[in-house]
Amino acid sequence: MKQFAFGLLLISVVVTLFCSAFSSPSQAQSQKQVTLKEAINALDAKAVRAALEEGADPNESKKMGGRSPIQWAVIQIMIAPYDYKPPLSLQEAEEKVIAVLEALFHAGAKIFKRDKPILVLAASKGTLKLAKYLLDRGADPNPMDSGDTSSPIMAAYSSGHSEMVELLV
């Protein structure tokens, strides 16, 4: 019986070594990014920090539909009040998004030019605390180019958020 158990253990070790020898580093990194995206989707700052500590890239956009992790986190402000179970209030969602962003920035995340919509999203929802947080970290309140359909100021104005308009002017 001991020989049988030892044989199973040996087979398990061999299979594990074989699989790890043939899995590519890019596959492992890809899974880390998926884990990071799932943590962001859940607005779970602790899980985001864990994914980043495991090696997820705070600036990689491939597993997030071409969006940076920062942009993906801010998008959750549009989703959280409706899709979470139980639904979050806008204030709860804003606090959770900021906590996730804190973890991302702590790990070296940067706001890129392609992340322009993040401030439009914050402005359209009237989330002043989030908008201030993003501005303090370098989000650009000005349109990227003449092809932009909405600026943060226009999003705030059209949504009736006068305090946000004052912040962005």
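Read along the sequence, the protein chain of this predicted model follows the pattern α-α-α-α-α-α-α-α-α. The chain thus described holds nine helices and zero strands. Of its 169 residues, 36% are buried. The accessible surface of the chain amounts to about 10,000 Å², and carbon and sulfur atoms account for 59% of that surface. When contacts between residues at least 6 apart in sequence are considered, 70% of them join residues at least 24 apart.

Helix α4, which spans residues 69-83, contains a kink of about 40 degrees. The kink lies at I77, shortly before the proline P81. Eleven of the 15 residues of α4 are buried, so this helix is largely enclosed by the rest of the structure. The buried set begins with P69, I70, Q71, W72, A73, V74, I75, Q76 and I77, and is completed by A80 and P81. Both the residue at the kink, I77, and the proline that follows, P81, therefore belong to the buried part of the helix.

A single salt bridge is present in the structure. The bridge is formed by the side chains of R137 and E102, with an N to O distance of 3.5 Å. This pair links distant parts of the chain, the two residues being 35 apart in sequence. R137 is situated in the loop between α7 (128-136) and α8 (152-158), whereas E102 belongs to helix α5, residues 90-106. Neither partner reaches the cut-off for burial, which is a relative accessible area under 20%: the value is 35% for R137 and 38% for E102. Because both values also fall short of the 50% limit for exposed residues, R137 is classed as partly exposed, and E102 likewise counts as partly exposed.

A further set of contacts involves G126, which is found in the loop between α6 (117-125) and α7. With residues up to four places away in sequence left aside, G126 touches H161 and M164. In the case of M164, the C-alpha atom is separated from that of G126 by 6.2 Å, although the two residues are 38 apart along the chain. The relative accessible area of G126 is 27%, and this glycine is accordingly partly exposed.

Conventions: Residues numbered from 1 in each chain as written. Predicted model: local features only at pLDDT ≥ 70, side-chain atom pairs only at ≥ 80, totals over all residues. Heavy atoms only, no water. Salt bridge = Lys/Arg side-chain N within 4 Å of Asp/Glu carboxyl O. Helix = DSSP H or I, 4+ residues; strand = E, 2+ residues; numbered from the N terminus. Buried < 20%, exposed > 50% of the residue type's maximum accessible area, 1.4 Å probe, protein only. Contact = heavy atoms within 4.5 Å. Areas by Shrake-Rupley, 256 points an atom, 1.4 Å probe, with all protein chains shown as cover. Bend = angle between axes of the 7 residues up to and from the residue.
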